[in-house]
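Me: I am new to this structure and would like to go through it step by step. Please show it before we start.

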Amino acid sequence: SPETKSTKIKTLDAILRYGILNGYTHAGEKVRIAELLVKKSTDLVNAMGIYCVKHLKDLLPITSTVLRAPFATAYPPLLDASVQLLRAIIVNGWPRLAFHRAEVLEGLLICWTRIREENEPTTALVAVKENIEDVLHAVVQLLSDDQGMREELQLLRDCDSRLDTLLKL
């Protein structure tokens, strides 16, 4: 019933806001705690469905901060959890993705480039890189009708030839 769904969404909203997001602000440099909180955020985003869009302003900075971190490749499980959270956000919050595309692309592309530049990437990092490629292809396909997105992708390809095959439309 609509009342039950409303109660469920309000409960999930409170758990995400007061439990996960508040906890993440206190996690500091404790990567295992951050990993757990990001994984639980993914579960909540999937459970909330489209109602997750009101939390994008809080969730996307978390993912992009993790993916852009200079030493992020030192702990691949947190990277993978962040990519999975982005995947859930794309699946559930796709109507608002165009508005947040710069932040999404920035985090994914910086992380992908750092993993690509690793001398001897671990199997975990290779798996994260493949997941990033899958998520990037989903973003590109989802927003391929947006003229601004096509121009931005072309600009990125022009600036960095490593992105040519990755950002094909």
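Reply: This is a predicted model. From the N terminus on, its elements run α-α-α-α-α-α-α.

Me: How many helices and how many strands does the protein have?

Reply: Every element in the order α-α-α-α-α-α-α is an α. The secondary structure therefore comes to 7 helices and 0 strands.

Me: What is the radius of gyration of the protein, and what does the globule rule give for 169 residues?

Reply: For 169 residues the globule rule gives 15 Å, and the value for the protein is close to that. The protein is therefore as compact as a globular protein of that length, with a radius of gyration of 16 Å. Along the principal axes, the C-alpha trace spans about 50 × 40 × 20 Å.

Me: Is V83 buried or exposed?

Reply: V83 lies in helix α4, which covers residues 76-93. Buried means under 20% relative accessible area. The relative accessible area of V83 is 0%, so V83 is buried.

Me: Which residues does V83 touch, leaving out those up to four places away in sequence?

Reply: Contact means heavy atoms within 4.5 Å. One of the partners is N131, 48 residues away along the chain, with its C-alpha atom 7.0 Å from that of V83. The full list is L67, V128, N131, I132 and V135.

Me: What share of the 169 residues in the protein is buried?

Reply: V83 is one buried residue, at 0% relative accessible area. Over the whole protein, the buried share of the 169 residues is 43%.

Technical notes
Residues are numbered from 1 along each chain as its sequence is written. This is a predicted model: local features need pLDDT of at least 70, side-chain atom pairs count only at pLDDT 80 or more; totals for chains, interfaces and linings use all residues. Side-chain values use heavy atoms; hydrogens and water are left out. Helices (H or I, at least four residues) and strands (E, at least two) are DSSP runs, numbered from the N terminus. The radius of gyration is taken over C-alpha atoms; the globule rule is 2.2 Å times the number of residues to the power 0.38. Buried means under 20% relative accessible area, exposed over 50%, partly exposed in between (1.4 Å probe, protein chains only).
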